[in-house]
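This report concerns the salt bridges of one protein model. Please keep the sequence and the structure in view while reading.

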Amino acid sequence: MELPDLDRPLPGDGVSILRRLKSRQLLLLIALHQAKSLRKAAAMLNMTQPTATKLLQDLERNIGLPLFDRGRRGMQPTNYGGVMIRHARLVLADLDRTRLELEALSSGATGQIRIGAVISAIPFLLARAVARLKRQHPRLFVSIDVGTSDALVPALTMGELDVLLARPLVLADRPEFNYEELIGEPLHIVSRVDHPLASAASVSLQDLAPWPWTLLPVGSPMRKVLQPVFVEIGPGQPSDVVETSSMMTMIALLQESDMLAVMPADVTNFNVRHGLLRRIPIDLPPIMGAYGIVTRRDRPESPATIAFLQHLKQSMASSR
């Protein structure tokens, strides 16, 4: 099916379109995107296929634009369909957020905040900020989702997160986000306390070449920026590596082996202070940049988000 001109205005204004939208149509859009089939989407929503067909036809007629193409790979969203699916997810996420806030208020709580943090992003600073927040608002529901940037950035886009802690390089010049730099954090090379390198007075990058490593996965931003470091260690990426996205797993591997790891200063300092790890005496160049606060530009910050960010900045100031 040939798509109409993307620059042509939609029929009617936003309010009139919203009046004609049904919640079941929003659910159907998301189900169709997942199932690629009207029959399967209808089954997912516990409705008949004729009902699903009519809902989609009514939606396309009201909007005046084709939302799906039917082909050998099943039903694929058109450019218009992709926009509608994205906004359907946002609307449903907002409705779910409203429901949770109403439930929290009815039970005497004060709302909720959903925080995302990329793997290794200032976990102990984050913990101090959340602890401060909970002391002030004990009935506030707080969830923390730690993961990779390729999972968390879409979650923020779809309204499943209120705020994200990440480095700016994960945004790739995305104009829909606000970014506020928070703290610069260097990377450290670490090992178990009694590692042969830990007691050395000085260590060069070339001294690291014989040792095994545990590192974040190859596609992670940290691995990408570490590439020049490993080239200098030689030759290229280390061959004896265990990859994991879990810092706790890294620490456990270090305890049980002669592996080395690269960790942000916040993680290093905590583990060194508690006698779990030793920092190898070698300075890495400032290759990762600062961490910062990422929010959606088109959504005002909730009172809970504002309170959390205040405590985060206070925790950062007190830790200096």
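The following paragraphs describe salt bridges in this predicted model.

In total, the structure holds 8 salt bridges. Three pairs are set out in the table, each with its distance between N and O atoms.

| Salt bridge | N to O distance |
|---|---|
| Aspartate 162 and arginine 114 | 3.2 Å |
| Arginine 192 and aspartate 258 | 2.2 Å |
| Aspartate 283 and arginine 279 | 3.0 Å |

In one of these pairs, the side chain of aspartate 162 meets that of arginine 114. Arginine 114 belongs to strand 3 (residues 112-118), while aspartate 162 sits in the loop between helix 7 (149-157) and strand 5 (163-166), so the salt bridge ties together parts that are 48 residues apart in sequence. Both aspartate 162 and arginine 114 are buried.

A further salt bridge joins arginine 192 to aspartate 258. Arginine 192 is part of strand 7 (residues 187-192) and aspartate 258 is in the loop between helix 9 (247-255) and strand 10 (261-264); the pair therefore ties together parts that are 66 residues apart in sequence. Arginine 192 has a relative accessibility of 15% and counts as buried, whereas aspartate 258, with a relative accessible area of 29%, is partly exposed.

The salt bridge between aspartate 283 and arginine 279 involves an exposed residue, aspartate 283, at 64% relative accessibility. Its partner, arginine 279, counts as partly exposed at 34% relative accessibility.

Salt bridges also form a network, which links Lys54, Asp58 and Arg61.

Technical notes:
Residues are numbered from 1 along each chain as its sequence is written. This is a predicted model: local features need pLDDT of at least 70, side-chain atom pairs count only at pLDDT 80 or more; totals for chains, interfaces and linings use all residues. Side-chain values use heavy atoms; hydrogens and water are left out. A salt bridge is a side-chain nitrogen of Lys or Arg within 4 Å of a carboxyl oxygen of Asp or Glu. Helices (H or I, at least four residues) and strands (E, at least two) are DSSP runs, numbered from the N terminus. Buried means under 20% relative accessible area, exposed over 50%, partly exposed in between (1.4 Å probe, protein chains only).
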